[in-house]
Each structure stands twice: as C-alpha cells, then as structure tokens.
Amino acid sequence: MDNSSSFDEVSDPGYQPSPSSLDQNDHPAVETPVYSTMSGDSFMFGRTYSETSAFSDPIDDNSYSSEPSPSHWPVTKSGAQHQAMLRRLEMKQQKQVADDKLDDQESVDLELEMMKERFSKLLLGEDMSGSGKGVCTAVTISNAITNLYATVFGQNLRLEPLKPEKKSMWKREMDCLLSVCDYIVEFIPKSQNLQDGTVLEVMESRPRLDIHINLPALRKLDAMLMEVLDSFQDTEFWYAEQGSMSSNSTLSGSFRRVIVQRKEEKWWVPVPCVPSGGLSEKSRKHLRHKRDCAYQIHKASMAINSSILAEMEIPETYIASLPKSGRASLGDTIYRYLYTADKFSPGHLLDCLNLASEHEALQLADRVEASMYTWRRKACLSHSKSSWNMVKDLMSDIDRTDKNHILAERAETLLFCLKQRYPELSQTSLDTCKIQYNQDVGQAILESYSRVLEGLAFNIVAWIEDVLFVDRNQEQ
C-alpha cells in the first residue's frame, strides 16, 4: 500500500516521468531521483542523468531508496568525465591550430613586408626621398647582395653550421635577387622549317652567355660552401667566448705567413681551443680536406670575379684621373726594372720590394694599374679610333716592339703576380670605380655574388688555419 500510494502521489496530472525513472518491469521503486536531488556530488550531473530531479513535485522520501543505483551511477559519472575531458582536449587542439595559423600568418606577413622593402629600394635606387637621385638598378642590386652577405655572415666568426634561420634567409633572398637573371636574355638567329618546305630565319631567346656560364657555377660553389660549414657539427675543438689570439692565427690573408707576431689584438675574435693532447688524426685530416676544398672554391670564385671585372667598361672618370706619366706614378726604381730588364721577373721584383703590409701592396697595385692604362693610352694615340671601349682591339694592331706596349704588358704581368701572391688584397681603385659606375645588371649580380663567395671561402680557410695553428702549438 505504501508503495502504491507513493506512486499515485508522484503520478499527478501533467507529470511526465522520464524513461530512466521507471523500471523495465514496471516496478514503481526508482532509486536514482532521490539520490540525484539529495547528493551534492551528483548535482552537477542531474540533467544528464535524470530530468525529474529538478522539475518534479515534492515526493515522499520513504518511497525511494537512500542507496545509489549500482548499475547506473558509476557508469554515468565516468562517461561525463570522459566527455568533459574530450571537450577540453578538443578545445586545446583547436586553440593550438589557431595559434599555428596565426604564427604562419605573421611569418608570411613579415616576409611580405621584407619583400616590399626590397622591391621599393630597387625602384627608388636607395633614394628614400623619391626625388630620382638614386643610383642605378645595377648598383642597387649589387649593394643588396653585399648587405645580405654582411647580415647573414657578418657575425659568423667560427667553424660551425649556419643557423637555420640565417640559412633560410640567405637562400630565400638570394633566390629573389638572382631571379632577375632569368629575364636577361639575348636573341640568336634560328632556322625554322615550315610544312610547305619554306625555311624561315627567326630569332630565339636564350640566357645571356656570361650568365648562362657563370651563374650555375656560382650556385654550385655556394652550395659547396654551405656543405663545408655543415660538416663542422660535432667537432673536437671549441671556441672561447672572450679573449684574443696573439699570433699569426688571427691574421687574415697571406700576410699571416709573413708577419709572425700581431701588434694589435682583435678582442672580439673567438679563440679556437683544442684538447690538451691535441686533435685526433681523423679530425686533422678532416680539417685539411675542408681547407683544400674551401681554397679551391676561393680560387674559382676569384677567377669568375676577375673575369667579370675585366669585361666591365672602364668609366670615363677613371680615364680622366690617369697620370700623364707612368714613370712618375710607379717611381724610378720600378720603372727602370720594368724597362731595362732583359728577362722580366715579376716575382723577383716583388721580393726586392719587400712589402710588409696589405696597405702597401694595395697602393702598389693601384699605381701599377694606373701606369698600365697610361701606357696603353699612349700606345693607342697614333690610331684613329679614340673610344676606350675599343682598347683591347687596338692593342692587337700595335707594334709589339713599341716601348709603351712593352711597359704596359710588363705592368699587367706585375699586377697579376701581385694579386696571386696576395689573394686577400682589397679591390683596386679601378675595380671600385667599375662597380660604382656599372650599369649592366647581369654583370653587377655576377660580380657581387662571386665577390661575397670569395670572401666567405677565404674566411673558412683562415678559420681552419687558426684551428690547425692552435693544434700545432698544443703538440709542442
């Protein structure tokens, strides 16, 4: 009777019991609603488990069991927790995806802004005022490659792989600057046969010859230099963060073999360190091999750079600044040796001069080069052609016994020997003048690209020699 009255009390008009509040065998005793309303632990899950707990009329406590349902309650609580965990995990994943998309968008926006800056500078010729007083496109691209090299490799003073962001920056921006060469073409005649047998001569475009030959070679040298740096990952030597090197190991260029002691100290140059017992034979062999590779890359880059500079037109400003007398430019000692020696030996002359610094060598190179063009100009005065663009053609027609011609040839040989003996020599006044006044975009790209690769290869050779020098001293 109690059970029947309790059931009637709950089943008043307008009440719709939930399916979970009745037993499958129509038993009136439903255990869970009272637990759902009375237990604080299950309150938050009330709408998930039973809707009657919050909206039903007051009921008799005696009609329900005070014990929770062993068949429903534990399963419902675990399922709700799993759902909550899944929702939190899904929200976390969505947030991570959103953050990744935001980072990618920021990276794309940053690269786009950098490209806009590069493009604007190219158009403005580095004249931010926009008044049209900027340099030509060739000089702008040459400066862009030089500045990019300084940005990427300027702080790299040790044998170690280039940082990924630096390597990515170098590859991305160099590809952009070099893409100009894809549109520098020349037209050549080509025969085309029609179906009716008619032969037509048409013009076909192809990459300009100097770009077609030199640009792939420079790209290959670039990749080889990156491989050399990447090979120094796990090394037996390391670098001290502070300090300075006190001997020829920090000198640059061939003068590191001439001057044994440095008077000045470059405190910012990292000091290579080796173990107390010195490097292993395997490590020494690896260093020597990479040094030889870098040296060959340096020679190849220097040869390409020299050939490009030789093809550039001589600016009129340089011609106007030439001395009137080659003898006055060189001095009596060098002039007499050039003129009177039966068998001219440029190496012997350089040994007698005993150059002690790079500055002296560069000054001599400038004077020899100026004298060479002065004598060439005098040798060409008797010809009707006066354009300096035709100097090379004119020299082939000049009498080989002419005094000025002999002096010009010997000065050219001396200049070549000087650059061979001191490969680290800075650019001469003529080279700088050519780069400054050059208007050929293709030549500007090839010259600047080969120049920066030449500098990087030379630095790698110097860094390897630093490590080997420290290793030799450690053995002693």
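**Exercise 1. Contacts of a core leucine**

Leaving aside its neighbours within four places in sequence, which residues is Leu 159 in contact with? Find them in the predicted model, then place Leu 159 in its core.

*Solution.*
Step 1. Set aside the neighbours within four places; the contacts of Leu 159 are then Phe 232, Phe 237, Tyr 239, Leu 287, Ile 460, Trp 463, Ile 464 and Val 467.
Step 2. Now look at the core. The largest nonpolar core has 50 residues, and those that touch the most other members are Phe 153, Leu 159, Trp 170, Phe 237, Leu 287, Tyr 449 and Ile 460.
Step 3. Ask which elements build it. Two or more residues each come from α6, α7 (164-178), α8 (209-230), α9 (281-311) and α18 (441-475). Helix α18 gives the largest share, with 14 residues.
Step 4. Do not stop at one core: a second, separate core holds 31 residues, including Leu 330, Leu 338, Leu 350 and Leu 407.

**Exercise 2. A pair of rings**

Describe how Tyr 149 and Phe 153 form an aromatic pair, and say where in the structure both residues lie.

*Solution.*
Step 1. Two values are needed, because a pair of aromatic rings is described by the distance of the centres and the angle of the planes.
Step 2. For Tyr 149 and Phe 153 the centres are 5.3 Å apart and the planes meet at 35 degrees. Stacked pairs have planes under 30 degrees apart and edge-to-face pairs over 60, so this one is called tilted.
Step 3. Both residues belong to helix α6 (residues 137-153), where they are 4 residues apart, about one turn of the helix.
Step 4. Check the surroundings. Tyr 149 is buried, at a relative accessible area of 16%, and Phe 153 is buried too, at 5%.
Step 5. Widen the view: ring pairs join Tyr 149, Phe 153 and Trp 170 into a cluster. The whole structure has 8 aromatic pairs.

**Exercise 3. Charges over rings**

Which ring does the charged end of Arg 376 sit over, and which ring does Lys 403 lie over?

*Solution.*
Step 1. Start from Arg 376: its charged end is over the ring of Tyr 373, at 5.4 Å from the centre.
Step 2. Go on to Lys 403, which lies over the face of Tyr 339, 5.1 Å from the ring centre.

**Exercise 4. Two sides of a helix**

Find the buried residues of helix α12 (residues 332-340) and the exposed residues on the face turned away from them.

*Solution.*
Step 1. The buried residues of α12 are Ile 334, Tyr 335 and Leu 338.
Step 2. They span an arc of only 100 degrees around the axis, so they are on the same side of α12.
Step 3. Turn to the face away from this buried side: there you meet the exposed residues Thr 333 and Thr 340.
Step 4. Finally, see what covers the buried residues; the cover includes α11 (326-330), α13, α14 and α16 (403-421).

**Exercise 5. An unusual phi**

What is the phi of Asn 354, and is the residue buried or exposed?

*Solution.*
Step 1. Recall the background: most residues other than glycine have a negative phi.
Step 2. Asn 354 is not a glycine, yet its phi is positive, about 55 degrees.
Step 3. Locate Asn 354: it is in the loop between α13 (346-353) and α14 (358-380).
Step 4. With a relative accessible area of 60%, Asn 354 is exposed.

**Exercise 6. Far in sequence**

How many residues apart along the chain are Val 441 and Ala 138, and what distance separates their C-alpha atoms? Then treat Trp 238 and Cys 273 in the same way.

*Solution.*
Step 1. Val 441 is part of helix α18.
Step 2. Along the chain, Val 441 and Ala 138 are 303 residues apart, while their C-alpha atoms are separated by 4.3 Å.
Step 3. Beyond its neighbours within four places in sequence, Val 441 is in contact with Thr 137, Ala 138, Ile 141, Val 180 and Ile 184.
Step 4. Trp 238, in strand β3 (residues 238-240), is 35 residues from Cys 273 in sequence and 5.2 Å from it in space, C-alpha to C-alpha.
Step 5. Put this in context: among contacts between residues at least 6 apart in sequence, 74% join residues at least 24 apart.

Terms used: Residues are numbered from 1 along each chain as its sequence is written. This is a predicted model: local features need pLDDT of at least 70, side-chain atom pairs count only at pLDDT 80 or more; totals for chains, interfaces and linings use all residues. Side-chain values use heavy atoms; hydrogens and water are left out. Rings of Phe, Tyr and Trp (its six-membered ring) pair if their centres lie within 6.5 Å; planes under 30 degrees apart count as stacked, over 60 as edge-to-face and the rest as tilted. Buried means under 20% relative accessible area, exposed over 50%, partly exposed in between (1.4 Å probe, protein chains only). A charge sits over a ring if NZ of Lys or CZ of Arg is within 6 Å of the ring centre and within 35 degrees of the ring normal. A nonpolar core is a set of buried Ala, Val, Leu, Ile, Met, Phe, Trp, Tyr and Cys residues joined through side-chain atoms within 4.5 Å. Contact means heavy atoms within 4.5 Å. The arc is that of the directions from the helix axis to the C-beta atoms.
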